Amino acid sequence: MATMARWTRTRVPALRERHPRVPDRVWRSLEAVDGREFATAVAVMGLVVAAASADGYRTGGRSAFYQASLNGFGLHGLVHVAQAAATRGYTPGVVTSPLLVVPFTLWARGRLRRAGVLRPTRARDIASGLALAGAATAVSHAVARRIHRAASAS
C-alpha cells in the first residue's frame with residue numbers, strides 16, 4: 001500500500017511503452033487510482049478477509065467460503081510474484097507475498113489438513129479461489145471509487 005502511488009507514477013509509463021498491445025484503458029485505470037482510494041480498497045478487502053476468517057472460525061475451518069478465500073489469498077500472492085517477473089522489476093505486493101501471504105496460506109492449509117477438514121484441491125478449486133480473489137479485488141476497488149466520488153461531491 002505504501003508503494004502503490006509512486007510505483008504507478010514511475011513504472012506505468014515504462015510498462016505502457018514495453019507492452020503496446022495492452023489496451024490504453026488498462027493503463028488509464030491504473031493511473032486513476034490515487035493513494036487514498038487504494039487504501040480504502042485495501043480496507044474493504046480487509047472486511048472480506050475478516051468475513052471469511054469469521055466463517056472459518058465459526059465452522060472450524062470447514063467453510064467452503066473460508067477455504068476458497070484461503071486458496072485465493074495464497075494464489076493472489078503467487079500472482080504478485082508472477083507480475084514482478086513479467087514486468088522484470090518491483091511490483092506492489094511482491095515483498096509481502098513471499099514473506100507473509102504464501103507462508104501464512106501454507107501454514108493455515110497445513111493446520112486444516114492436520115485437523116482433517118481441508119478439502120482436496122482440484123483444478124476447479126484453484127479457479128474458484130482465483131475468481132474469488134479477482135471478484136473481491138474488483139468489488140473492493142469499485143466500493144473505494146464510489147466512496148471517494150461521494151466524498152468529493154460533498
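This is a short tour of a predicted model, stop by stop, with something to select at each one.

**Stop 1: the whole protein**

Start with everything shown as a cartoon. You'll see six helices and zero strands, so to speak an α-α-α-α-α-α run when you read from the N terminus. The C-alpha atoms fill a box of roughly 50 × 40 × 25 Å along the principal axes. If you colour by accessibility, buried residues come to 34% of the 154 residues. Now think about contacts between residues at least 6 apart in sequence: 65% of these join residues at least 24 apart.

**Stop 2: helix α4 against helix α6**

Select residues 64-87, which is helix α4, and then add residues 123-153 for helix α6. How far apart are the axes of α4 and α6, and at what angle do they pack? The axes are 7 Å apart, and the angle is about 80°. Because angles from 65 to 115 degrees count as roughly perpendicular, α4 is roughly perpendicular to α6.

Next, show side chains where these helices meet. On the α4 side, pick F65, A68, S69, N71, G72, L75, H76 and V79. On the α6 side, pick D125, I126, G129, L130, L132 and A133. This contact is made of eight nonpolar residues, five polar ones and one charged one.

**Stop 3: S69**

Stay on α4 and zoom in on S69. Is S69 buried or exposed? Its relative accessibility is 17%, and buried means under 20%, so S69 counts as buried. Leaving aside residues up to four places away in sequence, S69 touches A52 and L132. You have already met L132, as part of the α6 side of the helix contact.

**Stop 4: the second largest pocket**

Select N71, G74, L75, L78, V102, T105, L106, R109, T121 and I126 to see the lining of the second largest pocket. Its volume is about 170 Å³. Which elements give two or more residues to this lining? They are α4 and α5, the latter spanning 96-114. By type, the lining has five nonpolar residues, four polar and one charged. Look out for N71, L75 and I126 here, since they also take part in the contact of α4 with α6.

**Stop 5: R88**

Finish in the loop between α4 and α5, where you'll find R88. Most residues other than glycine have a negative phi. R88 isn't a glycine, yet its phi is positive, at about 55°. With 65% relative accessibility, R88 counts as exposed.

Methods
Residues numbered from 1 in each chain as written. Predicted model: local features only at pLDDT ≥ 70, side-chain atom pairs only at ≥ 80, totals over all residues. Heavy atoms only, no water. Helix = DSSP H or I, 4+ residues; strand = E, 2+ residues; numbered from the N terminus. Buried < 20%, exposed > 50% of the residue type's maximum accessible area, 1.4 Å probe, protein only. Contact = heavy atoms within 4.5 Å. 1 Å grid on protein atoms, 1.4 Å probe; cavity = no way out; pocket = protein on both sides within 12 Å on 5 of 7 lines; lining within 4 Å. Points joined across faces, edges and corners; volume = space filled by probe spheres on them. Nonpolar A, V, L, I, M, F, W, Y, C, P; charged D, E, K, R; others polar. Axes fitted to C-alpha atoms, helices over the stretch in contact; angles between N-to-C directions. Parallel < 35°, antiparallel > 145°, perpendicular 65-115°, else oblique.
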